[in-house]
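The following exercises concern a single protein chain and are to be worked with the sequence and the model at hand. Each task is followed by a solution in steps.

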Amino acid sequence: MNFVEEMKNKAKEYQNSLVLPEGTEERTVQAAAKIVKEKLAKTVTLLGKKADVEKVAAEKGVSLEGISVIDPASSEWLEEFGKEYFELRKGKVNKKTGEAEVPDVEAGKAYMLKDPLSFGAMMVRTGKANAMVSGALSATADLLRAGLKVIGTAPGTKTASSCFVMDTHNKKWGKDGYVIFADCAVNPRPTSEQLADIAVDSAKSCRELLDAEPAVALLSFSSKGSGGKLEDVLKVQEAFKLAKEKAPDLLLDGELQADAALIPEVTARKSPGSPIEGKVNTLIFPSLEAGNIGYKLVQRFAGADAYGPILQGFAKPISDLSRGCSVEEIVVTSAITLVQAGKIS
């Protein structure tokens, strides 16, 4: 069974609820219908004016049966969401104007109305949905902004980040050929503290998505001080210490060059006694450029499949899409995000 099949099967089992804020985008409407048909979610909600959503569905020959359509402007939740947003942002000051960002509940309601991503995020925050997926129309920055303002980061982390699940098609690597790569899409130059958060959150993704006990390597051009006292080396060394403080039982090592992390005999020479020797399934890159270049090299040279970017570090799951995404990519991303929400007890 491949990764996509595994995620879809888990989503069917978990039966979480999904909100898709870009409810009048044609691929999103088609994907919603497929998600319902494949029974990947308990409920699927599209945000938008009902007439507009119905028009798109009719044009694409898609049935809206089993799909909920909510117009934020007429939603029974608008008052509740406005109050919640006001409480969340109360005291925050607009840096440009020096005035209160959200001065009252009416301003909170107005914000919910103008930004469907924030309305969708509020559905997730308040438990009216378990997961949110967007990005077919909106920019990644807009999704991250809504997620951070409304949902926030998970307890114990201050960093929103991303990972890719790499299917190398070679069982020699990771968990049956699957390896987590992070962060390849969000943080350009993470600090030591952010790298530590990314390592711990990627370990959580490894458990959720690969059903594997994580073995995490913090990568560098240096192994155990071989690169000297350069700032980039010291940053990864400090990240290792911080990550161990956050998760003392985590199988973790660093800083390590890629071969020292992945090849057991090299690990034995460069990091004798390493707890991750021969076990690595999660790679943490020292910068966005390294991560992005790394996953694309593996994807092209090794013919690997790259699933992501999968957002992590949020208190509740949200996911981003490429604006060039296909209908099936929306379905798969939705399945992954529904799995991240965990199994309903």
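**Exercise 1. Burial of a short helix**

Determine how many of the ten residues of α6 are buried, and identify them.

Solution. The model is a predicted one.
Step 1. Helix α6 is mostly covered, since eight of its ten residues are buried.
Step 2. The cut-off needed here is a relative accessible area under 20%. The residues of α6 that meet it are Leu117, Ser118, Phe119, Gly120, Ala121, Met122, Met123 and Val124.
Step 3. Just after α6, Gly127 adopts a positive phi of about 85°.

**Exercise 2. The packing of α5 with α6**

Describe how helix α5 packs with helix α6, and state which residues meet.

Solution. Two packed helices are described by the angle between their axes and by the distance between those axes.
Step 1. For α5 (residues 105-114) and α6 (residues 116-125), the angle is about 105° and the axes are 5 Å apart.
Step 2. Angles of 65 to 115 degrees count as roughly perpendicular. Helices α5 and α6 are therefore roughly perpendicular to each other.
Step 3. On the α5 side, Tyr111, Met112 and Lys114 take part, and they meet Pro116, Ser118, Phe119 and Met122 of α6.
Step 4. Sorted by class, this contact of α5 with α6 comprises five nonpolar residues, one polar and one charged.

**Exercise 3. Two further helix pairs**

Give the angle, the axis distance and the handedness of crossing for α1 with α13 and for α8 with α9.

Solution.
Step 1. Helix α1 (residues 3-14) packs with helix α13 (residues 327-340) at about 55°, their axes being 8 Å apart. That angle makes α1 oblique to α13.
Step 2. The crossing of α1 past α13 is left-handed.
Step 3. From α1, the contact is made by Phe3, Val4, Met7, Lys8, Lys10, Ala11 and Tyr14; from α13, by Glu328, Val331, Val332, Ala335, Ile336, Leu338 and Val339. In this contact of α1 with α13, eleven residues are nonpolar, none is polar and three are charged.
Step 4. Helix α8 (residues 192-210) and α9 pack at about 50°, with 8 Å between their axes. This makes α8 oblique to α9.
Step 5. The crossing of α8 and α9 is right-handed.
Step 6. Residues Ser192, Glu193, Leu195, Ala196, Asp197, Ala199 and Val200 of α8 meet Lys235, Val236, Glu238, Ala239, Leu242, Ala243 and Lys246 of α9. Eight nonpolar, one polar and five charged residues make up the contact of α8 with α9.

**Exercise 4. The nonpolar cores**

State how many residues the largest nonpolar core has, and which of them have the most contacts inside it.

Solution.
Step 1. The largest nonpolar core has 59 residues.
Step 2. Those with the most contacts inside this core are Phe3, Leu18, Val165, Leu209, Leu210 and Ile284.
Step 3. Take Ile284 as an example. With neighbours within four places in sequence left aside, Ile284 is in contact with Ala182, Leu195, Ile198, Ala199, Ser202, Val216, Ala217, Leu218 and Leu219.
Step 4. Apart from the largest core lies another, of 27 residues, which includes Ile70, Ala121, Val150 and Ile318.

**Exercise 5. Backbone geometry**

Locate the cis peptide bonds at Glu255 and Pro309, and the positive phi values of Gln15 and Lys224.

Solution.
Step 1. Gly254 and Glu255 are joined by a cis peptide bond with omega about -5°. Glu255 belongs to strand β8 (residues 251-256).
Step 2. The bond from Gly308 to Pro309 is also cis, with omega near 5°. Pro309 lies in strand β10 (residues 305-312).
Step 3. Gln15 is not a glycine, yet it has a positive phi of about 55°. Its place is in the loop between α1 and β1 (17-20), and Gln15 is partly exposed, with a relative accessible area of 27%.
Step 4. Lys224, likewise not a glycine, has a positive phi of about 50°. Lys224 is in the loop between β7 (215-219) and α9 (231-246) and is partly exposed at 38% relative accessible area.

**Exercise 6. A loop residue**

Is Leu321 buried or exposed, and which residues does it contact?

Solution.
Step 1. Leu321 is found in the loop between β11 (318-320) and α13.
Step 2. Its relative accessible area is 9%, so Leu321 is buried.
Step 3. Beyond its neighbours within four places in sequence, Leu321 is in contact with Val133, Ser134, Gly135, Ala136, Glu329, Ile330 and Thr333.

Methods: Residues are numbered from 1 along each chain as its sequence is written. This is a predicted model: local features need pLDDT of at least 70, side-chain atom pairs count only at pLDDT 80 or more; totals for chains, interfaces and linings use all residues. Side-chain values use heavy atoms; hydrogens and water are left out. Axes are lines fitted to C-alpha atoms, for helices over the stretch in contact, and angles run from 0 to 180 degrees between N-to-C directions. Helices (H or I, at least four residues) and strands (E, at least two) are DSSP runs, numbered from the N terminus. Angles under 35 degrees count as roughly parallel, over 145 as roughly antiparallel, 65 to 115 as roughly perpendicular and the rest as oblique. A crossing is left-handed if the near helix is turned anticlockwise from the far one by less than a right angle, and right-handed if clockwise. Contact means heavy atoms within 4.5 Å. Ala, Val, Leu, Ile, Met, Phe, Trp, Tyr, Cys and Pro count as nonpolar, Asp, Glu, Lys and Arg as charged, and the others, Gly among them, as polar. A nonpolar core is a set of buried Ala, Val, Leu, Ile, Met, Phe, Trp, Tyr and Cys residues joined through side-chain atoms within 4.5 Å. Buried means under 20% relative accessible area, exposed over 50%, partly exposed in between (1.4 Å probe, protein chains only).
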